[in-house]
Amino acid sequence: MAIRKSNRLPQTAVLKQILKRCSSLGKNEEYLPVDVPKGHFAVYVGEKRSRYIVPISFLTHPEFQSLLRRAEEEFGFNLDMGLTIPCEEVVFRSLTSMIR
């Protein structure tokens, strides 16, 4: 039986990449939208890709990390297009209201 090696980055590397590219803590300011407050990042949710600004602290929450894993599996982390979360908006709003 062969062992299959995953091409996926470790979770910590993914989180660092998201922070670097999508948050105001990143060193490369060219990627930062002007309307994202310090300590937050933008995500796109649902079929219509509605934009939400969420705190960086969400990255450590297990349920949000589950959404990130689903996003990676479905879309990859092509952050040039924005971090897209694959769930319905109502589910995302419900989850984020519980995290806060």
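What covers the buried residues of H3? Keep that in mind as you read these notes on a predicted model.

1. **The layout.** Let's start with the overall order of things. The protein chain holds 3 helices and 3 strands, and along the sequence they follow the pattern α-β-β-α-β-α. Of its 100 residues, 39% count as buried. Have a look at the contacts too: among those between residues at least 6 apart in sequence, 47% join residues at least 24 apart.

2. **The two paired strands.** S1 and S2 run antiparallel and are joined by 6 bridges. One pair to find on your screen is Val43 and its bridge partner in S2, Tyr52. The hairpin that these strands form has 4 residues between the strands, and Gly46 takes a positive phi near 80 degrees there.

3. **The core.** The largest nonpolar core has 17 residues. Those with the most contacts inside it are Phe41, Val43, Phe64, Ile85 and Phe92. At least two residues of this core come from each of strand S1 (40–45), strand S2 (50–55), helix H2 (62–75), strand S3 (83–85) and helix H3 (89–99).

4. **A closer look at Ile85.** This residue makes a good starting point for exploring the core. Leaving aside residues up to four places away in sequence, Ile85 touches Val43, Tyr44, Val45, Gly46, Leu67, Leu68, Ala71, Phe75 and Phe92.

5. **How H2 meets H3.** These two helices pack at an angle of about 145 degrees, and their axes lie 10 Å apart. H2 contributes Glu63, Phe64 and Leu67 to the contact, while H3 contributes Phe92, Leu95 and Ile99. Sorted by class, the contact has 5 nonpolar residues, no polar ones and 1 charged residue.

6. **The two sides of H3.** Which residues of H3 are buried? They are Phe92, Leu95, Thr96 and Ile99. Seen down the axis of H3, these buried residues fall within an arc of 95 degrees, so they line one face of the helix. Turned away from that buried side is a face carrying the exposed residues Val90, Ser97 and Met98.

7. **Back to the opening question.** The cover over the buried residues of H3 includes S1, S2, H2 and S3. Try finding Phe92 once more in the structure: this residue is buried in H3, takes part in the contact with H2, and is touched by Ile85. Phe92 is also among the residues with the most contacts inside the largest nonpolar core.

How values were computed:
Residues are numbered from 1 along each chain as its sequence is written. This is a predicted model: local features need pLDDT of at least 70, side-chain atom pairs count only at pLDDT 80 or more; totals for chains, interfaces and linings use all residues. Side-chain values use heavy atoms; hydrogens and water are left out. A nonpolar core is a set of buried Ala, Val, Leu, Ile, Met, Phe, Trp, Tyr and Cys residues joined through side-chain atoms within 4.5 Å. Buried means under 20% relative accessible area, exposed over 50%, partly exposed in between (1.4 Å probe, protein chains only). Contact means heavy atoms within 4.5 Å. Axes are lines fitted to C-alpha atoms, for helices over the stretch in contact, and angles run from 0 to 180 degrees between N-to-C directions. Ala, Val, Leu, Ile, Met, Phe, Trp, Tyr, Cys and Pro count as nonpolar, Asp, Glu, Lys and Arg as charged, and the others, Gly among them, as polar. Two strands pair if DSSP finds at least two bridges between them. The arc is that of the directions from the helix axis to the C-beta atoms.
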